[in-house]
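Student: Could we go through this model step by step, with the reasoning spelled out before each answer?

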Amino acid sequence: MNLEDTHLDVLIKAQKAQGITDRDLVKLAEITVPDLNHLRAGRREPTALERVARTLSLRPDSVIALANGAWNPPAVALPATVLKFTTPFADMAVNHYLVWDPKSLKAVAFDAGTDADPLFAALERHKLKLDKILLTHAHGDHVLELDRIREKTKSAAFAPEAEPVEGCQPVENGKRFKIGALTITAHTVPGHSQGGTVYEIQGLDNPLAVVGDVIFAGSVGGIRSRYRPALEAIRTAVLTLPPETILLPGHGPLTTVGHELAHNPFFP
Ligand SMILES: [Fe+2]
């Protein structure tokens, strides 16, 4: 699966979120306007890339690796009781997930995606009872099929306290859910959205965290408010988890805490 963001997406996200104009960027990075235009057109000139990355407080080596196609997400083996679904939304794709406890066969859906049929098929195939739907945030691509899943499975749904969704119970920071042998802990990480919530999952062979659009392999979801506190919140809530923790993002491929700590351009 391709990365969600190219190096140009990363540069633009960082610039926009910090409110830096092109004029300031050129001045601060000590490059020329044509240099910037060439970068935007896809030319991978390392000195200009490095200067722009540094000015935007990004890791230059990671931006250059992304530009050169040398940034690869890690090979991740999901535990047998975790499924990833990727469904289309306009010209993008969005991920949602199903995780279950192998003994009790109680399952949890994380986000609802744009087509729940593969999820319904998996519930039937593995004889699972959907116990809860937990939303990472309320953006349209993540909740489109929520009502259909609720109607069909009658399971309880939960949404971040700061992003109320009709018919969902609120999830506050630190809230815990017990599903069979699984323990799920919610961490509120505002930035991409006001109540963006990461769900840490313990109880399977490998620790997991469903991260929504808080962090992607090689990038972050576009940060819409308070850039530096948002990055700090990601660092505190996600990047301090054990390095082997598998991250399940709302877009793009799977990754791990260790891999993002070592390579994500937003965390120098
Ligand atoms: Fe989003």
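**Helix packing and sheet pairing**

Tutor: Helix H4 passes H5 in a right-handed crossing, and the contact is made by Pro46, Leu49, Glu50, Ala53 and Arg54 of H4 together with Pro60, Val63, Ile64 and Ala67 of H5. Please keep in mind that this is a predicted model.

Student: How are H4 and H5 oriented to each other?

Tutor: The axes of H4 and H5 come within 8 Å and cross at roughly 130 degrees. Angles over 145 degrees would count as roughly antiparallel, and 65 to 115 degrees as roughly perpendicular. The crossing of H4 and H5 falls in neither range, and the two helices are therefore oblique.

Student: Which residues of helix H4 are buried, and against which helices do they pack?

Tutor: Helix H4 covers residues 46-55, and its buried residues are Leu49, Arg51, Val52, Ala53 and Thr55. An α-helix has 3.6 residues a turn, so residues three or four places apart point the same way. The buried residues of H4 pack against helix H1 (7-17), helix H2 (22-29), helix H3 (33-40) and helix H5 (60-67).

Student: Which residue that follows H4 has a positive phi?

Tutor: The backbone after H4 includes a residue whose phi is positive, near 55 degrees, and that residue is serine 57.

Student: In what order do the 6 strands of the open sheet lie, and which are its edge strands?

Tutor: The 6 strands form an open sheet of mixed pairing, in the order E7-E8-E9-E10-E11-E12. An edge strand pairs on one side only, and this holds for strand E7 (176-179) and strand E12 (255-256).

Student: Within that sheet, do E10 and E11 pair in the parallel or the antiparallel sense?

Tutor: Other pairs in the sheet give a useful background: 6 bridges join strand E8 (residues 182-188) to strand E9 (residues 197-202), which run antiparallel, and E9 and E10 pair in the antiparallel sense over 3 bridges. For E10 and E11, alanine 209 stands opposite leucine 247 in E11. Strand E10 (residues 208-212) and strand E11 (residues 246-249) are joined by 4 bridges, and their sense is parallel.

Student: Which residue takes a positive phi in the hairpin of E9 and E10?

Tutor: Where these strands pair, isoleucine 201 stands opposite leucine 208 in E10. The hairpin of E9 and E10 has 5 residues between the strands, and the residue with a positive phi, near 120 degrees, is glycine 203.

Student: Over how many bridges do E1 and E2 pair, and which residue in their hairpin takes a positive phi?

Tutor: Strand E1 (residues 82-89) and strand E2 (residues 92-100) pair in the antiparallel sense, over 8 bridges. One of the bridge partnerships joins threonine 86 to asparagine 95 in E2. The hairpin has 2 residues between the strands, and the residue whose phi is positive, near 50 degrees, is alanine 90.

Student: Taking the whole chain, how does its radius of gyration stand against the globule rule?

Tutor: The secondary structure of the chain comes to 10 helices and 12 strands. The globule rule gives 18 Å for 268 residues, and the chain is close to that value, so it is as compact as a globular protein of that length, with a radius of gyration of 19 Å.

Student: What share of the contacts with a separation of 6 or more comes from residues 24 or more positions apart?

Tutor: As context, buried residues make up 47% of the 268 residues in the chain, and the C-alpha trace spans about 60 × 35 × 35 Å along its principal axes. Among contacts with a separation of 6 or more, the share from residues 24 or more positions apart is 58%.

Terms used: Residues are numbered from 1 along each chain as its sequence is written. This is a predicted model: local features need pLDDT of at least 70, side-chain atom pairs count only at pLDDT 80 or more; totals for chains, interfaces and linings use all residues. A residue is buried if 20 or more other C-beta atoms lie within 10 Å of its own, exposed if 12 or fewer, and partly exposed in between; C-beta atoms are placed from the backbone. Two residues are in contact if their C-beta atoms, placed from the backbone, lie within 7 Å. Two strands pair if DSSP finds at least two bridges between them. The radius of gyration is taken over C-alpha atoms; the globule rule is 2.2 Å times the number of residues to the power 0.38. Axes are lines fitted to C-alpha atoms, for helices over the stretch in contact, and angles run from 0 to 180 degrees between N-to-C directions. Angles under 35 degrees count as roughly parallel, over 145 as roughly antiparallel, 65 to 115 as roughly perpendicular and the rest as oblique. A crossing is left-handed if the near helix is turned anticlockwise from the far one by less than a right angle, and right-handed if clockwise.
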